[in-house]
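Q: Got a minute to walk me through this one? I'd like to go through it piece by piece.

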Amino acid sequence: MFVFNPLTILGVVGLVLLFFYPGVRNRPMAVLMAIAVVPRVLFFAKWGVWDAGSVWGPRFLLPSVAVLSVAIVPVFQATDPRRVTGS
């Protein structure tokens, strides 16, 4: 999944920020997103043809990619320069 869409790495960071970082913390949302992503990724990671056979890309993980793409927003909120400087 990270090979075909590297921005999902930021989504994982966003999930961690949603759960722990005080400035953008929203634990119920983080838990809901983790429940939507983790079981699906674990299921297809154990499956024999997780890459969907001869088709390009992990099509079965597309819903997880969508959720992790939305989880990028807390990364932008936590690194917003206006928040850091107080402007």
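A: Sure. One spot to begin with is Thr 8, where a polar atom of the side chain is 2.7 Å from the backbone oxygen of Asn 5. A polar contact here is a pair of N or O atoms within 3.5 Å; within protein, one must be able to donate a hydrogen and the other to accept it, and residues adjacent in sequence count only if both atoms are side-chain atoms.

Q: Before we go on, what sort of model is this?
A: It's a predicted model: local features need pLDDT of at least 70, side-chain atom pairs count only at pLDDT 80 or more, and totals for chains, interfaces and linings use all residues. Residues are numbered from 1 along each chain as its sequence is written, and side-chain values use heavy atoms, with hydrogens and water left out.

Q: OK, back to Thr 8. Buried or exposed?
A: Thr 8 counts as buried because its relative accessibility is 0%. Buried means under 20% relative accessible area, exposed over 50%, and partly exposed in between (1.4 Å probe, protein chains only).

Q: Which helix is Thr 8 in, and what does it touch?
A: Thr 8 belongs to helix H1, residues 8-20. Helices are DSSP runs of H or I, at least four residues, numbered from the N terminus. Leaving out residues up to four places away in sequence, Thr 8 touches Met 1, Phe 2, Val 65 and Leu 68. Contact means heavy atoms within 4.5 Å.

Q: And Leu 68, what does that touch?
A: With the same sequence neighbours left out, up to four places away, Leu 68 touches Met 1, Thr 8, Gly 11, Val 12, Leu 15 and Val 37.

Q: Which residues make up the largest nonpolar core?
A: There are eleven: Met 1, Leu 15, Leu 18, Ala 30, Met 33, Val 37, Phe 44, Leu 61, Val 65, Leu 68 and Ala 71. H1, helix H2 (27-46) and H3 each supply at least two residues of this core, and H2 gives the most, with four. A nonpolar core is a set of buried Ala, Val, Leu, Ile, Met, Phe, Trp, Tyr and Cys residues joined through side-chain atoms within 4.5 Å.

Q: Let's switch to H3. Which residues are buried there?
A: Ser 64, Val 65 and Leu 68. Seen down the axis of H3, the buried residues fall within an arc of 100°, so they line one face of the helix. That arc is taken from the directions from the helix axis to the C-beta atoms.

Q: What covers them, and which exposed residues are on the face turned away?
A: The cover includes H1 and H2. The face of H3 turned away from its buried side carries the exposed residues Leu 62 and Val 70.

Q: A serine on the buried side? What does Ser 64 touch?
A: Ser 64 is at 0% relative accessibility, so it counts as buried. Not counting residues up to four places away in sequence, Ser 64 touches Met 1, Ala 36, Val 37, Arg 40 and Val 41.

Q: Val 41, then. Which helix is it in?
A: Val 41 is in helix H2, and it counts as partly exposed because its relative accessibility is 25%.

Q: Last topic: how many aromatic pairs?
A: One. Phe 19 and Phe 20 pair edge-to-face, 4.8 Å centre to centre with 85° between the planes. Ring centres must lie within 6.5 Å; planes under 30 degrees apart count as stacked, over 60 as edge-to-face and the rest as tilted.

Technical notes. Rings of Phe, Tyr and Trp (its six-membered ring) pair if their centres lie within 6.5 Å; planes under 30 degrees apart count as stacked, over 60 as edge-to-face and the rest as tilted.
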